[in-house]
Amino acid sequence: MFRVGDFPLYTLTFVRGTSPADLLSRMGVDPESLALRDGMDLADDFGDDEEPVVTTGVDGSWTWAWEQGGMHGLDQRILSAVSRGTEAVALHHNEKPMYWFTYAADGEVVVDFHTLQAIEPTGQDPTRLDDHMRPLGLVPGAWAPLHGVLSLVENAFGIRLTEPAEVDDPRLSGRLGPLPE
């Protein structure tokens, strides 16, 4: 879906084995804004909000949160909270174009890199995903190939994000609070 669509700025956070409500709570969604909404309700309820809006769903064993216009999922404190007791993958894309990938497990960042320059993985175990990265051309010191990071998310973790069945498919959503200073 994200290879063919026109999504200039998004952050996706995937967490294994948690519920949509739990994921949104761990991300710091304003509990008073939490509700099931379709696309029209999102526009009506949050039109020009300054803080990002997030929707969620489940695909297989992964629960996902899709931030439209935000980057909360890349914040180390958010990643620590959402990956505590499980694992999480955060994927950010912007118009530069750039991808930012982070894999966290049990509250710690394991692998982290972005594609604004040649790939230089960091984290507690920056080589952990090498067996998945190298066949995709994601090699330290080299520039990332088109869709290489998306393929890493799919191949290394079995993550698939599917389009909703219908335009008015309701999803649990809410407004993210400001990140703590």
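Contact, as used on this tour, means heavy atoms within 4.5 Å. Keep that in mind as you click around, and remember that this is a predicted model.

**Stop 1: the whole chain**

Start with everything shown as a cartoon. You should find five helices and eight strands, and from the N terminus on they run β-α-β-α-β-β-α-β-β-β-α-α-β. Of the 181 residues, 46% count as buried. If you draw the surface, the accessible area comes to about 9000 Å², of which 51% belongs to carbon and sulfur atoms. For a contact map, take the contacts with a separation of 6 or more: residues 24 or more positions apart account for 59% of them.

**Stop 2: helix H1 and its cover**

Select residues 20-27, which make up helix H1, and show the side chains of Leu-23, Leu-24 and Met-27, which are buried. They cover an arc of only 95° around the axis, so they sit on the same side of H1. What lies over these buried residues? The cover includes E1, strand E3 (53-59), E4, helix H3 (76-83) and strand E8 (171-175). Step just past the end of H1 and you reach Gly-28, with a positive phi of about 90°.

**Stop 3: strand E6 and its two partners**

Now select residues 98-105, strand E6. Six of its eight residues are buried, so the strand is largely enclosed by the rest of the structure.

Add residues 87-94, strand E5. E5 and E6 pair in the antiparallel sense over eight bridges, and a hairpin of three residues joins E5 to E6. To check the register, pick Val-89, whose bridge partner in E6 is Tyr-103.

Then add residues 108-114, strand E7. E6 and E7 also run antiparallel, joined by six bridges. Here the residue to pick is Ala-104, which stands opposite Val-109 in E7.

**Stop 4: the largest nonpolar core**

Which residues have the most contacts inside the largest nonpolar core? They are Phe-14, Val-89, Phe-101, Tyr-103, Phe-113 and Phe-157, in a core of 24 residues. The elements that give two or more residues to this core are strand E1 (10-16), strand E4 (62-68), E5, E6, E7 and helix H5 (148-157). H5 gives the most, with five residues.

Centre the view on Phe-101, which is buried, with a relative accessible area of 0%. Leaving aside its neighbours within four places in sequence, Phe-101 is in contact with Val-89, Ala-90, Val-111, Asp-112, Phe-113, Leu-129, Val-149, Leu-152, Val-153 and Phe-157.

There is also a second, separate core of 16 residues, which includes Val-15, Met-27, Val-29 and Leu-172. You have already seen Met-27 among the buried residues of H1.

**Stop 5: the aromatic cluster**

Show Trp-62, Phe-101, Tyr-103, Phe-113 and Phe-157 as sticks: they form one aromatic cluster. The structure holds four aromatic pairs, and two of them are described here.

The rings of Trp-62 and Phe-157 have their centres 6.1 Å apart and their planes at 85°, so this pair is edge-to-face. Trp-62 lies in strand E4 and Phe-157 in helix H5, so the pair ties together parts that are 95 residues apart in sequence. Trp-62 counts as buried at 2% relative accessibility, and Phe-157 is buried with a relative accessible area of 9%.

For Phe-101 and Phe-113, the ring centres are 5.3 Å apart and the planes are at 35°, so the pair is tilted. Phe-101 lies in strand E6 and Phe-113 in strand E7, so this link spans parts twelve residues apart in sequence. Phe-113 counts as buried, at 2% relative accessibility.

**Stop 6: two backbone angles to check**

Most residues other than glycine have a negative phi. Where does Asp-106 sit? Look in the loop between E6 and E7, a hairpin with two residues between the strands. Asp-106 has a positive phi of about 45° although it is not a glycine, and it is exposed, with a relative accessible area of 52%.

Finish at His-147, in the loop between helix H4 (130-133) and H5. His-147 has a positive phi of about 70°, again without being a glycine. Is His-147 buried or exposed? It is partly exposed, with a relative accessible area of 22%.

Methods: Residues numbered from 1 in each chain as written. Predicted model: local features only at pLDDT ≥ 70, side-chain atom pairs only at ≥ 80, totals over all residues. Heavy atoms only, no water. Buried < 20%, exposed > 50% of the residue type's maximum accessible area, 1.4 Å probe, protein only. Helix = DSSP H or I, 4+ residues; strand = E, 2+ residues; numbered from the N terminus. Pairing = 2+ DSSP bridges. Core = buried A, V, L, I, M, F, W, Y, C linked by side-chain atoms within 4.5 Å. Phe/Tyr/Trp six-rings, centres within 6.5 Å; stacked < 30°, edge-to-face > 60°. Areas by Shrake-Rupley, 256 points an atom, 1.4 Å probe, with all protein chains shown as cover. Arc of directions from axis to C-beta.
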